[in-house]
Amino acid sequence: AAQGRHREAIARAREFRRIGADITFLEAPLDVDEMRAYCDAVDGPKVANLVEGGDTPILSPTELGDLGYKLSMNPLTLQMASVRAIEQALTTLAGGERPTELTSFADLQEIAGFPEYFAAEQRYATDDA
């Protein structure tokens, strides 16, 4: 099935490898059989695009490696987790409570790069203020 449905894409991936592409990607294989067929047909490193609710099965890193994938992308996972956390925090706040699953203010500052901002502020500060 995959060979037929993705025949042209697999042929392009093979040609890209022939002319020097470092890695290839097949858009939206629908099942493990399609994923395996692509991995078997194309040499070199391959990347899987794993989107919750998308067409491609969400497999573990071990399962992907066993099929022949070298890398995986999870382009929406963190955004979807963030939205869920925001929704839960808003529900908690609307109920008159405070959310308990929060990062610390110090961690937030570190993640956002505040130490670098503060260092730049010191470098560019003048005595004229």
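Me: A helix here means a DSSP run of at least four residues, numbered from the N terminus. With that in mind, where does Glu 110 sit?

Reply: Glu 110 belongs to helix H6, which covers residues 105–112. Please keep in mind that this is a predicted model.

Me: Why is Glu 110 called exposed?

Reply: The relative accessibility of Glu 110 is 51%. Exposed means over 50%, so Glu 110 counts as exposed. As for its place in the fold, the C-alpha atoms of Glu 110 and Thr 62 are 32 Å apart, with their positions 48 residues apart in sequence.

Me: What makes Ala 85 partly exposed?

Reply: Ala 85 has a relative accessibility of 41%. The partly exposed class lies between 20% and 50%, and therefore Ala 85 goes there. Its home is helix H5, residues 77–94. From C-alpha to C-alpha, Ala 85 is 30 Å from Asp 31, and the two are 54 residues apart in sequence.

Me: Asp 31 has come up, then. How do you know that it caps H3?

Reply: A side-chain oxygen of Asp 31 lies 3.1 Å from the backbone nitrogen of Asp 33, at the N-terminal end of H3. The limit for a polar contact is 3.5 Å between N or O atoms, so the pair qualifies and Asp 31 is read as the cap.

Me: Which residues of H3 are buried?

Reply: They are Glu 34, Met 35, Ala 37, Tyr 38, Cys 39 and Ala 41.

Me: Why is Ala 37 called buried?

Reply: Its relative accessible area is 19%. Buried means under 20%, so Ala 37 belongs to that class. Ala 37 is in helix H3, and its C-alpha is 9.9 Å from that of Gly 68, which is 31 residues away along the chain.

Me: What about His 6: why is it called buried?

Reply: At a relative accessible area of 6%, His 6 is under the 20% limit, so buried is the right word. His 6 lies in the loop between helix H1 (2–5) and helix H2 (7–18).

Me: What makes the pairing of His 6 with Glu 34 a polar contact?

Reply: Their side chains come to 3.3 Å. A polar contact asks for N or O atoms within 3.5 Å, so this pair passes. Leaving aside neighbours within four places in sequence, His 6 is also in contact with Leu 26, Glu 27, Ala 28 and Pro 29.

Me: Ala 28 is one of those. What is notable about its phi?

Reply: The phi of Ala 28 is positive, about 55 degrees, although the residue is not a glycine. Ala 28 is in the loop that runs from strand E1 (24–25) to helix H3 (32–41). With a relative accessible area of 18%, Ala 28 falls under the 20% limit and therefore counts as buried.

Me: Why is Pro 45 called partly exposed?

Reply: Pro 45 shows 29% relative accessibility. That value is between 20% and 50%, so partly exposed is the label. Pro 45 is in the loop between H3 and strand E2 (46–49). Apart from neighbours within four places in sequence, Pro 45 is in contact with Arg 17, Asp 22, Ile 23, Thr 24 and Lys 70. The C-alpha of Ala 21, 24 residues away along the chain, is 9.6 Å from that of Pro 45.

Me: Now for the whole chain. How many helices and strands does it have, and what is their pattern?

Reply: There are seven helices and three strands, arranged along the sequence as α-α-β-α-β-α-β-α-α-α.

Me: How do you know that the chain is more spread out than a compact globule?

Reply: Its radius of gyration is 23 Å, whereas the globule rule gives 14 Å for 129 residues; the value is well over the rule, so the chain is more spread out than a compact globule. The C-alpha atoms fill a box of roughly 65 × 45 × 25 Å along the principal axes, and buried residues make up 20% of the 129.

Technical notes:
Residues numbered from 1 in each chain as written. Predicted model: local features only at pLDDT ≥ 70, side-chain atom pairs only at ≥ 80, totals over all residues. Heavy atoms only, no water. Helix = DSSP H or I, 4+ residues; strand = E, 2+ residues; numbered from the N terminus. Rg over C-alpha atoms; globule rule 2.2 N^0.38 Å. Buried < 20%, exposed > 50% of the residue type's maximum accessible area, 1.4 Å probe, protein only. Polar contact = N/O pair within 3.5 Å; in protein donor to acceptor, adjacent residues only side chain to side chain. Contact = heavy atoms within 4.5 Å.
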